[in-house]
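Thanks, everyone, for making the time this morning. I would like to walk you through one interface and then one helix, so please have the model open as I go.

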Number of protein chains: 6
Amino acid sequence: MKMVLTILFILSLLSLSHASVVDFCVGDLTFPNGPAGYACKKPSKVTADDFAYSGLGIAGNTSNIIKAAVTPAFGAQFPGVNGLGISLARLDLASGGVIPLHTHPGASEALVVVQGTICAGFVASDNTVYLKTLKKGDVMVFPQGLLHFQINDGGSSALAFVSFSSANPGLQILDFALFKSDFPTDLIAATTFLDAAQIKKLKGVLGGSG
Amino acid sequence: MKMVLTILFILSLLSLSHASVVDFCVGDLTFPNGPAGYACKKPSKVTADDFAYSGLGIAGNTSNIIKAAVTPAFGAQFPGVNGLGISLARLDLASGGVIPLHTHPGASEALVVVQGTICAGFVASDNTVYLKTLKKGDVMVFPQGLLHFQINDGGSSALAFVSFSSANPGLQILDFALFKSDFPTDLIAATTFLDAAQIKKLKGVLGGSG
Amino acid sequence: MKMVLTILFILSLLSLSHASVVDFCVGDLTFPNGPAGYACKKPSKVTADDFAYSGLGIAGNTSNIIKAAVTPAFGAQFPGVNGLGISLARLDLASGGVIPLHTHPGASEALVVVQGTICAGFVASDNTVYLKTLKKGDVMVFPQGLLHFQINDGGSSALAFVSFSSANPGLQILDFALFKSDFPTDLIAATTFLDAAQIKKLKGVLGGSG
Amino acid sequence: MKMVLTILFILSLLSLSHASVVDFCVGDLTFPNGPAGYACKKPSKVTADDFAYSGLGIAGNTSNIIKAAVTPAFGAQFPGVNGLGISLARLDLASGGVIPLHTHPGASEALVVVQGTICAGFVASDNTVYLKTLKKGDVMVFPQGLLHFQINDGGSSALAFVSFSSANPGLQILDFALFKSDFPTDLIAATTFLDAAQIKKLKGVLGGSG
Amino acid sequence: MKMVLTILFILSLLSLSHASVVDFCVGDLTFPNGPAGYACKKPSKVTADDFAYSGLGIAGNTSNIIKAAVTPAFGAQFPGVNGLGISLARLDLASGGVIPLHTHPGASEALVVVQGTICAGFVASDNTVYLKTLKKGDVMVFPQGLLHFQINDGGSSALAFVSFSSANPGLQILDFALFKSDFPTDLIAATTFLDAAQIKKLKGVLGGSG
Amino acid sequence: MKMVLTILFILSLLSLSHASVVDFCVGDLTFPNGPAGYACKKPSKVTADDFAYSGLGIAGNTSNIIKAAVTPAFGAQFPGVNGLGISLARLDLASGGVIPLHTHPGASEALVVVQGTICAGFVASDNTVYLKTLKKGDVMVFPQGLLHFQINDGGSSALAFVSFSSANPGLQILDFALFKSDFPTDLIAATTFLDAAQIKKLKGVLGGSG
């Protein structure tokens with residue numbers, strides 16, 4: 001009898017749960033986004049699949065000159081992270097592989113080495129260089145917005161997963177910004193002190209114009 | 001004369017007020033929301049009524065087994081709080097009434113007792129239990145995301161108003177999460193160490209399946 | 001036997017709770033504070049009393065010309081709110097009582113009327129005035145930083161509790177800023193267009209110099 | 001050959017840049033905005049012109065009684081600042097010009113004097129008045145939400161640029177809030193202690209009703 | 001010659017880098033912390049070792065009844081994450097291992113399966129249960145503050161790394177909060193509807209009093 | 001008489017102002033800082049001088065190869081900005097002067113040209129280059145963390161003031177990070193594809209080792 005009454009009456013508490021269907025905001029990429037991220041998919045259409053992503057389970061193709069691959073699970077690939085202040089990526093580095101110098105303009109990064117050995121480093125605003133050789137299970141953090149890199153100088157392939165303090169950390173690869181863009185050569189030379197010949201050589205490699 | 005000139009010329013300052021019609025963002029629930037809350041109602045359609053809410057003036061129905069009722073004024077009920085980082089709720093507890101153990105995933109809570117006596121408590125991450133008996137006029141805070149409860153162990157009914165550090169604090173009632181959901185009994189047993197019989201009994205009461 | 005094993009071995013999970021004694025940050029006002037609030041009291045010295053405050057249970061003295069009193073429970077009075085993004089205050093208004101025009105520079109406010117009737121209002125950046133007469137149980141919100149007031153134009157005393165979206169909302173009372181300070185009269189006149197006689201009269205009342 | 005390979009294979013890194021086209025969120029004012037700002041213009045339609053604004057290059061008209069003009073470059077005028085947490089404005093003050101007492105409800109302000117001399121000040125919550133006379137090149141900050149003013153008491157015109165810690169700082173001019181609005185005279189009198197005659201006089205000047 | 005001049009004169013730019021040694025804030029646990037985290041270690045004493053942590057490289061001991069172990073790298077264990085808005089942990093689950101139902105009051109979580117198969121799930125505020133079986137390389141996110149669990153129902157051991165959107169995510173294990181604390185049995189019964197016998201049985205196992 | 005009473009009784013409101021002396025947090029650099037900034041100077045020792053800074057009134061020395069100078073007014077130079085989410089700097093560029101490619105890891109930037117003509121640009125994560133030629137009075141924004149530069153390609157000197165969306169925006173000058181540090185040449189070569197000869201040449205100029 002007590003239970004029956006409970007069933008009948010505890011329902012009065014029920015309505016207030018409806019107010020709180022804002023635990024998450026799975027991104028709906030078909031609407032315009034805002035400064036805080038993508039618009040939210042209707043909760044009624046959200047399923048468990050929205051919170052999981054299998055794209056990082058596939059090794060990236062490292063049969064290239066940098067012998068490395070980055071596979072992101074940011075808000076654009078994995079809308080479940082939208083609004084949660086976190087995202088992920090997978091780094092595959094064959095022996096000798098390099099993730100070139102880059103920044104994430106909007107997030108700090110945490111890296112965990114899952115296989116192999118990785119030498120990683122970042123440069124602080126006072127130009128101090130912090131370098132570490134990381135083995136399996138080691139973690140390292142890269143503070144927001146600073147230039148950093150990962151390199152596999154070991155004899156076997158390496159695998160790492162990285163996470164970010166934002167659903168959309170951004171990624172600016174130094175070489176791409178300079179040499180894969182239409183950044184005019186004379187402006188690059190003037191603002192980096194690199195020789196024009198060096199700039200043109202790398203633009204040739206990476207496909208930049210200007 | 002001076003005044004006339006003022007009228008004429010001070011208008012040059014006027015235009016800049018138009019830029020600042022972003023003092024508030026009354027929620028328009030007909031548009032998709034984003035991670036930061038609901039879209040804003042057009043300022044021209046906003047009236048004083050948008051900033052007030054009378055839903056908390058009505059006593060909740062406590063004629064139930066828990067002898068209690070929660071009436072929320074979150075963003076979904078009271079769109080005027082959207083974007084303001086604050087919201088409210090009303091707690092009615094008849095003698096013996098209980099607001100069962102619950103969390104607000106996205107906000108801290110402040111409670112003020114307006115009538116009667118309330119015993120309230122929360123559990124911290126280190127499993128310390130903080131308990132207080134609060135009388136009329138006393139306030140208590142419950143840090144974000146921690147399990148807490150309110151109980152009226154006095155002889156007369158109690159009334160409290162609570163506020164939250166978010167327009168959408170969320171509300172996860174422990175018993176509902178476990179026993180009013182389709183959380184499979186074997187998974188509940190495995191992840192809470194509760195006996196299956198206990199789980200099934202409460203599922204029977206609260207209407208959970210699985 | 002199973003239980004004994006559990007006792008013995010589940011302890012391996014225990015250590016990780018120690019990491020999370022950062023659920024709260026009860027303010028320790030003896031250390032220098034920072035931009036985010038007061039330093040945290042050591043968790044080992046925190047008790048349930050730190051999270052409750054009885055100072056709002058005492059009616060403020062309204063035997064004064066404004067026939068009103070404000071009793072704050074901000075971080076300085078109630079260190080338990082430090083870092084939680086919320087705080088409270090009590091408003092007592094005798095019949096005819098007035099909380100003069102003021103702002104909270106760092107927080108939005110939510111008000112709930114507990115007794116009597118209160119006329120409240122705020123002015124937006126576009127100079128629209130939003131006015132509401134609130135009766136017992138009604139709530140109203142005042143967006144961050146905007147000029148607002150509360151007035152009891154009813155025949156009996158009124159009581160309200162307010163909460164803020166910050167542990168330290170600040171409070172700037174317009175009359176005090178102008179007439180209870182050493183703001184030079186000529187500068188007030190120049191920047192408010194008030195007549196010098198009016199300024200001097202109110203400085204006389206409120207004790208301002210300059 | 002090495003370069004050719006690089007061209008071919010480094011493309012594997014290319015795809016991940018697509019994830020990060022969230023470096024900025026130029027405001028699209030045709031969509032409803034949200035608590036965090038305007039919706040974002042499609043990145044493909046964004047040009048360099050979106051990030052620059054020439055509206056502050058034109059001197060404001062100071063041929064008025066206050067002998068001053070404010071020209072804002074907030075999110076509404078300069079959508080490129082949307083989501084960046086910063087915005088700007090230009091202050092022109094003829095000799096004797098005054099920017100009347102005002103607040104920015106949602107931002108702190110930094111001012112740099114580019115020409116002439118400016119006396120500026122703000123009032124803190126404890127009614128302390130902080131006054132400074134600033135000459136060319138001097139900077140001053142005004143903490144969020146506090147009443148402040150700028151006045152040119154020098155013999156020649158002055159120019160300053162101000163920036164804000166928000167793309168939409170808001171602007172509440174005290175005199176406009178009181179005397180250019182429909183704030184009822186009796187409520188102003190009750191909540192500011194100003195004489196009704198003073199209020200009516202300034203309403204006459206500024207065009208307020210009520 | 002040009003280079004010599006550069007050496008001599010470019011130094012004028014040097015000084016400004018000193019201002020920016022606030023790229024990071026490695027935690028100094030000997031000072032009182034604040035709401036935003038630990039005090040910062042002096043930059044001059046910071047080395048690359050502060051940004052790396054090898055504690056997650058060691059498998060947790062799963063020779064226990066839950067057949068699982070959690071190893072945190074939060075701010076308290078890994079001070080390099082302080083202020084960066086991110087932290088990590090390692091989950092070891094033997095076959096049949098379970099990370100019991102828990103919440104992180106202050107952070108969202110992202111999990112990546114590195115070895116084996118993990119069934120994970122969380123319950124939303126509307127009592128919807130989201131369940132996924134994750135294999136090696138799969139990732140899943142758990143929105144802030146919601147009850148969730150991980151279980152290894154496969155035949156071999158599983159390993160996962162998790163990251164959090166806060167340097168100090170907190171961790172509240174449901175069973176510990178209820179049964180490993182001094183939460184009085186009658187209050188638990190009243191606020192969870194669990195039978196007293198069930199509560200006492202689990203308190204016996206986990207060591208709770210009251 | 002009324003006034004006397006007011007003096008006597010309005011004092012009851014006075015006490016609450018004490019709670020709100022948290023309008024600002026002028027940095028005290030003698031205490032350890034935290035993730036949110038420097039510790040606050042005692043309000044009783046704060047004067048108007050703390051909120052103003054004259055260091056930007058002095059032209060930087062541009063008699064150097066880059067023909068430019070940057071003078072910061074960040075939290076370290078101008079403690080008044082601490083906690084306010086804003087800071088400033090002055091840019092002097094002689095004819096032909098260049099502020100080399102750099103990032104601010106923790107802030108967006110807004111620039112206003114006060115004298116002369118400046119060509120400025122930034123590179124987005126998708127390698128698009130946004131370039132603008134700005135004349136006196138023009139403003140431009142540079143989104144957080146992205147590589148950008150300023151160059152004076154006009155015939156006369158230029159002056160600009162910049163502001164940032166943080167009291168401590170940080171500053172990472174690309175050339176200094178690479179060539180004025182002890183970043184090993186082989187690691188630079190591996191992570192930037194620059195030729196070793198080019199790296200060594202610039203290290204010679206800028207004084208880098210390794």
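Let me start with a single pair of side chains: Lys132(A) and Asp49(E) meet in a salt bridge, at 2.6 Å from N to O. Please bear in mind throughout that this is a predicted model. Across the interface of chain A and chain E, the rule finds 2 salt bridges, and the count of residue pairs in polar contact between these chains, with both residues at pLDDT 80 or more, is 11.

Which elements of chain A give two or more residues to the side that touches chain E? They are the strands β3 (52-53), β7 (109-115), β9 (129-134), β10 (139-142) and β12 (158-164) of chain A, and of these β9(A) gives the most, with 4 residues. By residue type, the side of chain A that touches chain E divides into 30 nonpolar, 13 polar and 6 charged residues.

Now to the extent of this interface. In terms of contacts, 49 residues of chain A meet 49 residues of chain E. The size of an interface is often given as the accessible area lost when the parts come together. Here chain A and chain E bury about 3,900 Å² between them, and 72% of that area lies on carbon and sulfur atoms. Within chain A, the residues that lose the most area to chain E are Tyr130(A), Val139(A) and Val141(A), which together account for 15% of what that side buries.

Let me turn from the interface to helix α5 of chain A, residues 196-206, in which the buried residues are Gln198(A), Ile199(A), Leu202(A), Lys203(A), Val205(A) and Leu206(A). Why do these residues line one face of the helix? Seen down the axis of α5(A), they fall within an arc of 160°, so they share a face. As background, an α-helix has 3.6 residues a turn, so residues three or four places apart point the same way. On the face of α5(A) turned away from the buried side sit the exposed residues Ala197(A) and Lys200(A), and after the helix comes Gly207(A), with a positive phi near 95°.

Chain B has its own helix α5, residues 196-206, where Gln198(B), Ile199(B), Leu202(B), Lys203(B), Val205(B) and Leu206(B) are buried. These residues cover an arc of only 160° around the axis, which puts them on the same side of α5(B). The face turned away from that buried side carries Ala197(B) and Lys200(B), both exposed, and just after α5(B), Gly207(B) takes a positive phi of about 95°.

Methods: Residues are numbered from 1 along each chain as its sequence is written. Chains are lettered from A and ligands numbered from 1 in the order in which they are written. This is a predicted model: local features need pLDDT of at least 70, side-chain atom pairs count only at pLDDT 80 or more; totals for chains, interfaces and linings use all residues. Side-chain values use heavy atoms; hydrogens and water are left out. Buried means under 20% relative accessible area, exposed over 50%, partly exposed in between (1.4 Å probe, protein chains only). The arc is that of the directions from the helix axis to the C-beta atoms. Contact means heavy atoms within 4.5 Å. Buried area is the accessible area (1.4 Å probe) that two parts lose on being put together, summed over both. A salt bridge is a side-chain nitrogen of Lys or Arg within 4 Å of a carboxyl oxygen of Asp or Glu. A polar contact is a pair of N or O atoms within 3.5 Å; within protein, one must be able to donate a hydrogen and the other to accept it, and residues adjacent in sequence count only if both atoms are side-chain atoms. Ala, Val, Leu, Ile, Met, Phe, Trp, Tyr, Cys and Pro count as nonpolar, Asp, Glu, Lys and Arg as charged, and the others, Gly among them, as polar.
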